[in-house]
Amino acid sequence: MALRDRSSGGAGEAEEDAAALAEPDGPERCLSLLPWDRFSAWLHCVCVVGFDLELGQAVEVIYPPHSKLTDKEKTNICYLSFPDSNSGCLGDTQFCFRFRRSPGRKVSLCCFLDQLDRDLPVYLKKDPAYYFGYVYFRQVRDKSLKRGYFQKSLVLISKLPYVHLFRTMLKQIAPEYFEKSEAFLEAVCSDVDRWPAPIPGKILHLPIMGIIMKLRIPTYRDKPGTTPIVQDMQQADAQISLALPTIHEVDLFRCFCPVFFHIQMLWELVLLGEPLVVMAPSPSESSETVLALVSCISPLKYCSDFRPYFTIHDSEFKEYTTRTQAPPSVILGVTNPFFAKTLQHWPHIIRIGDIKLPGEVPKQVKVKKLKNLKTLDSKPGVYTSYKPYLNKDEEIVKQLQKGVQQKRPTEAQSVILRRYFLELTESFIIPLERYVASLMPLQKCISPWKSPPQLRQFSQDDFLKTLEKAGPQLTSGLKGDWIGLYRHFLKSPNFDGWFRSRQKEMTQKLEALHLEALCNENLVFWSQKHTEVETVDLVLKLKNKLLQADREQLPVKIGTLKRLQTHINDIILALPDDLQDILLKTGTT
């Protein structure tokens, strides 16, 4: 249900700016305008992490000051905001991390933000159990300091996985922050508190310290693989300093370049939710590679945990490195040499060297045996005994190699690679979508006088039988053991997450169809033929239906809920006065 509009003193200018950028009838209208509410829609807080000789890494500043972080969250942020000492990151470094939120905290805007979340593609929906940290770390020589180095990180903490947006924002503000300090940080946060709500599908203008970023958040209605171009048509807008082509994508080709002979095998490992560790020389390389892996099965959502940068101080270190049970379904990005020993029992390890775009065609590299991985200094490559289910697609490798020879821009190489992954994922998922759609009861089975029918049970055997005539061979030329791949996938967290999501969508569709069937009945005529007790029971059930439709945002046709409310009112008015008074007060809150 929408939040009511509440004005607050001292926010007049921000309200005017925001109102000018918002559509009058969109969800923006519902956003409360209390101070920091707009900020909270994008960020949880901004932290500054410094190095203290006695305390080690410490959170020096949290802004806005009222932002709440538990001690455990602060500890995680401290350690994850600095590269490991062995990384030797001199100068400026950008990377990101992800950590578990402490349970039990309520969000004042959660109702409104959930409403926006519904319009996002599934892979961009926020996970309420995690925060992202976006880091700009600076390490420079400074003889005036005891350690001889200035070391500090500016960190944006957010629930939103908008990697490219926050990376771009940090690039604009961090260098200036290191010169101007806290007053500048306050001004940055005030700018964010003037931003419009993160509404999917709208062109948004986000002012930040004298420039304006222009971007569009994708919606679930967008065709997968297409990114509506954010640019100025006809007139040049002098105010637009930065038009962002994407808010979340990483440079896919650059990330996969060190291992691009194995991209198809890596796609299978991510699809199946296999435990994967990326060993890299720096947090920027580990975080970008982990994000690239997670995105390679898009538009499927990767449903297991993933940590773009993981350290030995992480609160889940023991849980994820224990040898008393099989490694969990998680992708870890690490840089500390200690992990080469600690995680050597993991089944799949990707060793990344310094990521550089090749000036020449990379040489074919074989998959290496795990026993050959002794240290973090081992040669780059993929260390696993995994045998892929599908035959290797030589075409994509040739296409990318040709691009390297012809000095094709990395952006163009990334587009080719992203399209390849998309077509592979869609070929895999279409047969599942088709089978799951067949579990939906026919519309003629929906009666207004009975509960909505249940979905039929998913049967692995029935699904596998459909593959002979309607399998991935209809859209993909790749040969191999597709059935083996499906069997493995059906046991994975990614299938579980995907199926739960589809199940919820279809159940809501059945509820919506049931509501529409009720609206098409003459309910007043029905009530005249039944007892008062039965009529009151019907009214209470209809009111619950209305509340459920509003709470779950059921996909009903426009006008359905108003028609149902009219039916309810008409039935109540036909009842005796004493019952009318009771029923008009019941179920309205």
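Let me start with helix H9, residues 283-295, which lies across strands S9, S10, S11 and S12 and runs at about 160° to S11. What we are looking at is a predicted model, and I will keep to what can be read from its coordinates.

The sheet under that helix is an open one of five strands, in the order S10-S11-S9-S12-S13, and its pairing is mixed. The edges are formed by strand S10, residues 305-307, and by strand S13, residues 381-384, each of which pairs on one side only. From one strand to the next the twist averages 15°. Within this sheet, strand S9, residues 276-279, and strand S11, residues 330-334, pair in the parallel sense over four bridges, and if you would like one position to find on the screen, the bridge partner of Met279 in S11 is Val334. A further helix, H8, residues 263-271, also packs on the sheet, where it touches S9, S11, strand S12 (348-351) and S13, and its direction makes about 50° with that of S13.

Let me step back to the chain for a moment. How many helices and strands does the secondary structure of the protein chain come to? The count is 20 helices and 13 strands. Of the 589 residues in the protein chain, 52% are buried, and the accessible surface comes to about 28,900 Å², with 52% of that area belonging to carbon and sulfur atoms. If we take the contacts between residues at least 6 apart in sequence, 73% of them join residues at least 24 apart.

I turn now to the strands earlier in the chain, beginning with strand S1, residues 45-52, which is mostly covered, in that six of its eight residues are buried. S1 pairs with strand S2, residues 56-63, in the antiparallel sense over seven bridges, and in that pairing Cys47 stands opposite Ile62. S1 is also joined to S5 by six bridges, again with the two strands running antiparallel, and here Gly50 stands opposite Lys152. As a general reminder for reading such strands, the side chains in a regular strand alternate between the two faces of the sheet.

Close to this part of the discussion belongs Arg147, which is found in the loop between strand S4 (130-141) and strand S5 (149-158). Is Arg147 buried or exposed? It falls between the two, and counts as partly exposed because its relative accessible area is 42%, while the limits for that class are 20% and 50%. The C-alpha atom of Arg147 is separated by 9.6 Å from that of Phe51, although the two residues are 96 apart along the chain.

A separate hairpin is made by strand S6, residues 203-208, and strand S7, residues 211-216, which run antiparallel and are joined by six bridges. His205 has Lys214 in S7 as its bridge partner. There are two residues between the strands of this hairpin, and Met209 takes a positive phi near 45°.

Let me finish with the aromatic side chains, for which a search of the whole structure finds 36 pairs. One of these is formed by Phe253 and Phe260, a tilted pair at 6.0 Å centre to centre with 40° between the planes. Phe253 counts as buried because its relative accessibility is 3%, and Phe260, at 1%, counts as buried as well. Another pair, Phe495 and Phe499, has ring centres 5.7 Å apart and planes at 10°, so this pair is stacked, the limit for stacking being an angle under 30 degrees. Where do Phe495 and Phe499 lie? Both are in helix H16, residues 493-519, four residues apart, which is about one turn of the helix, and both are buried. They also belong to one aromatic cluster, whose other members are Trp267, Phe428, Tyr435, Phe458, Phe463, Tyr486, Phe489 and Trp498.

The last item concerns a charged side chain over aromatic rings, namely Arg98, which lies over the face of Tyr130 at 3.8 Å from the ring centre and also over the face of Phe306, at 4.1 Å from the ring centre. Phe306 takes us back to the sheet where we began, as strand S10, one of its edge strands, covers residues 305-307.

How values were computed: Residues are numbered from 1 along each chain as its sequence is written. This is a predicted model: local features need pLDDT of at least 70, side-chain atom pairs count only at pLDDT 80 or more; totals for chains, interfaces and linings use all residues. Side-chain values use heavy atoms; hydrogens and water are left out. Rings of Phe, Tyr and Trp (its six-membered ring) pair if their centres lie within 6.5 Å; planes under 30 degrees apart count as stacked, over 60 as edge-to-face and the rest as tilted. Buried means under 20% relative accessible area, exposed over 50%, partly exposed in between (1.4 Å probe, protein chains only). A charge sits over a ring if NZ of Lys or CZ of Arg is within 6 Å of the ring centre and within 35 degrees of the ring normal. Contact means heavy atoms within 4.5 Å. Accessible areas come from the Shrake-Rupley method with a 1.4 Å probe; for residues, only the protein chains shown count as cover. Two strands pair if DSSP finds at least two bridges between them. Axes are lines fitted to C-alpha atoms, for helices over the stretch in contact, and angles run from 0 to 180 degrees between N-to-C directions.
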